Amino acid sequence: MSYDVAAVRACFPALRAGAAHFDGPGGSQVPEPVAAAVAATMTAPLANRGRTTQAERNADDVVLAARRAVADLVGGDPGGVVFGRSMTALTYEFSRVLSAGWGPDDEVVVTRLDHDANVRPWVQAAQARGATVRWTEFDPATGELAPETVAAHLSDRTRLVAVTGASNLIGTRPDIAAMTALAHDAGALAYVDGVHLTAHAAVDVAALGADLYACSPYKFLGPHVGCVVAPPDLLGTLRPDKLLPSTDAVPERFELGTLPYELLAGTTAAVDFLAGLGGPEGDRRARLEAGMAALEEHEDRLRERIEDGVRALPGVTVWSRAERRTPTLLLTFDGRDAADAYRFLAERGVNVPAGSFYAIEASRWLGLGDAGGLRVGLAPYNDDEDVDRLLAGLGDWLTT
């Protein structure tokens with residue numbers, strides 16, 4: 001199917017300010033239907049969840065709809081969708097719950113490719129329990145994280161493998177299914193950070209083999225909230241700390257306090273918007289698969305245009321080199337600071353941030369230190385004119 005980027009762009013009020021946004025990996029812009037859903041929820045009768053008053057029913061309906069929407073997006077079970085303040089907050093919560101039984105004889109595997117939100121919670125949990133952390137490195141020359149490098153750190157002592165679905169720094173998409181299969185063969189759970197992957201490709205958590213899959217709606221056109229998707233029966237085996245009168249039902253036992261109903265309504269609207277990219281035919285899951293396939297093709301075409309353009313510029317190094325990757329490019333410049341390029345482009349209405357973007361282990365492993373580089377991240381609303389402005393701006397800066 002064709003991808004109508006002009007029609008997509010017309011739905012984003014923020015684009016009317018005129019900037020070209022290549023900062024989607026840090027948080028995407030929001031289409032009007034998402035903002036409208038947030039506002040409508042906040043201005044309707046609302047109370048704590050229940051089925052007696054209209055206000056209670058409104059809250060309950062919003063939560064249940066959001067669970068169904070996220071489950072459709074990633075191919076999970078609505079009864080296993082947990083919402084929280086952010087992916088980072090939820091991962092810390094699950095790290096405390098999952099590590100409760102760990103001890104000095106146990107091990108956890110993390111990777112140098114991951115965002116720190118899927119590294120530090122597990123490292124700190126292991127340290128608190130006296131468990132051992134095994135570090136898996138990726139190849140800095142290719143950006144690839146090979147399953148065999150993970151396999152080398154697995155044993156019958158491994159309790160959990162934490163790995164990213166896609167690097168938010170250089171875009172690498174590892175073979176997650178192979179890695180989770182290895183983890184399961186070792187008797188370990190697999191916690192997959194899907195924050196960056198979910199925004200750019202159709203996801204099927206069962207096919208990936210993820211026991212727990214984390215993502216953030218604000219990276220795929222929604223509000224600032226996080227979620228973890230897992231099989232309900234797995235969640236039923238975990239005992240988080242909670243208030244005495246709060247429900248012990250799954251998944252509610254993991255959701256501390258009252259949920260942000262308006263943000264969950266916005267999450268449903270964001271999923272529906274993505275489903276709309278797939279046309280009117282089929283159920284929401286089928287439309288999401290079609291829409292994300294069309295989006296991926298559109299973004300990859302623009303990525304290739306950017307890659308061809310920056311490689312023609314003097315002194316530019318492109319660190320995004322993996323065979324399978326999201327439309328995310330990390331650039332550095334010989335003898336020049338990427339932060340200067342960020343400021344130069346921002347003055348010209350092109351938003352391309354610089355830094356390590358919390359992927360601090362990956363940035364250091366590449367030899368870039370804490371400074372990182374200039375990250376060009378595409379989103380559904382980017383078009384060829386945006387790319388032209390980016391390349392022209394970089395060319396001007398490099399010749400200044």
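Is D72 buried, partly exposed or exposed? In this predicted model, D72 is partly exposed, its relative accessible area being 24%. The legends below start from this residue and its salt-bridge partner.

**Figure 1. R284 and D72 form a salt bridge between two helices.** The closest N and O atoms of the pair are 2.8 Å apart. R284 belongs to helix α12 (residues 284–311), and D72 belongs to helix α3 (residues 54–74). The bridge therefore joins a buried residue, R284, with a relative accessible area of 17%, to a partly exposed one, D72, at 24%. In sequence the two residues are 212 residues apart, and the pair links distant parts of the chain.

**Figure 2. D106 and R159 meet through their side chains in a salt bridge.** The N to O distance is 2.8 Å. D106 is in the loop between α4 and β3 (107–111), whereas R159 is in strand β5, so the bridge ties together parts that are 53 residues apart in sequence. D106 is buried, with 9% relative accessible area. R159 is partly exposed, with 31%.

**Figure 3. R325 and E307 form a salt bridge between a loop and helix α12.** Here the closest N and O atoms are 2.4 Å apart. R325 is placed in the loop between β9 (316–318) and β10 (328–333), and E307 in helix α12. The two residues are 18 residues apart, and both are buried.

**Figure 4. Seven-membered listing of a salt-bridge network: R49, R51, D60, D61, R67, E252 and E255.** These residues are joined into one network by salt bridges that share partners. In the whole model the count comes to 31 salt bridges.

**Figure 5. Helix α7 (residues 176–185) has buried residues on one side.** The buried residues in this view are I176, M179, T180 and A183. They cover an arc of only 95° around the helix axis, which puts them on the same side of α7. The elements that cover them include α6 (147–151), β5 (158–164), β6 (189–193) and α9 (205–208). After α7 comes G187, which has a positive phi, near 85°.

**Figure 6. T91 is a buried residue of helix α4 (residues 87–98).** Its relative accessibility is 0%, which is why T91 counts as buried. With neighbours within four places in sequence left aside, T91 is in contact with A117, N118, P121, W122 and Y191.

**Figure 7. The largest cavity holds about 80 Å³ of space.** Of the 14 residues that line this cavity, S28, A199, H200, K219 and F220 are the closest to its centre. The lining is made up of nine nonpolar, four polar and one charged residues. One cavity of 30 Å³ or more is counted in the model.

**Figure 8. L221 has a positive phi and is not a glycine.** Most residues other than glycine have a negative phi. The phi of L221 is about 80°. This residue lies in the loop between β7 (212–215) and β8 (226–229). L221 is buried, with a relative accessible area of 1%.

**Figure 9. F357 also shows a positive phi in a residue other than glycine.** The value for F357 is near 55°. F357 is found in the loop between β12 (354–355) and α14 (360–365). With a relative accessible area of 15%, F357 is buried.

**Figure 10. The peptide bond from V250 to P251 is cis.** Most peptide bonds are trans. For the bond from V250 to P251, omega is near 5°. P251 is in the loop between α10 (232–235) and α11 (261–276).

Methods: Residues are numbered from 1 along each chain as its sequence is written. This is a predicted model: local features need pLDDT of at least 70, side-chain atom pairs count only at pLDDT 80 or more; totals for chains, interfaces and linings use all residues. Side-chain values use heavy atoms; hydrogens and water are left out. Helices (H or I, at least four residues) and strands (E, at least two) are DSSP runs, numbered from the N terminus. Buried means under 20% relative accessible area, exposed over 50%, partly exposed in between (1.4 Å probe, protein chains only). The arc is that of the directions from the helix axis to the C-beta atoms. Contact means heavy atoms within 4.5 Å. On a 1 Å grid over the protein atoms alone, a cavity is a set of points where a 1.4 Å probe fits but cannot get out, and a pocket is an open set with protein on both sides within 12 Å along at least five of seven lines; lining residues have an atom within 4 Å of a point. Grid points are joined across faces, edges and corners, and a volume is the space filled by probe spheres set on the points. Ala, Val, Leu, Ile, Met, Phe, Trp, Tyr, Cys and Pro count as nonpolar, Asp, Glu, Lys and Arg as charged, and the others, Gly among them, as polar. A salt bridge is a side-chain nitrogen of Lys or Arg within 4 Å of a carboxyl oxygen of Asp or Glu.
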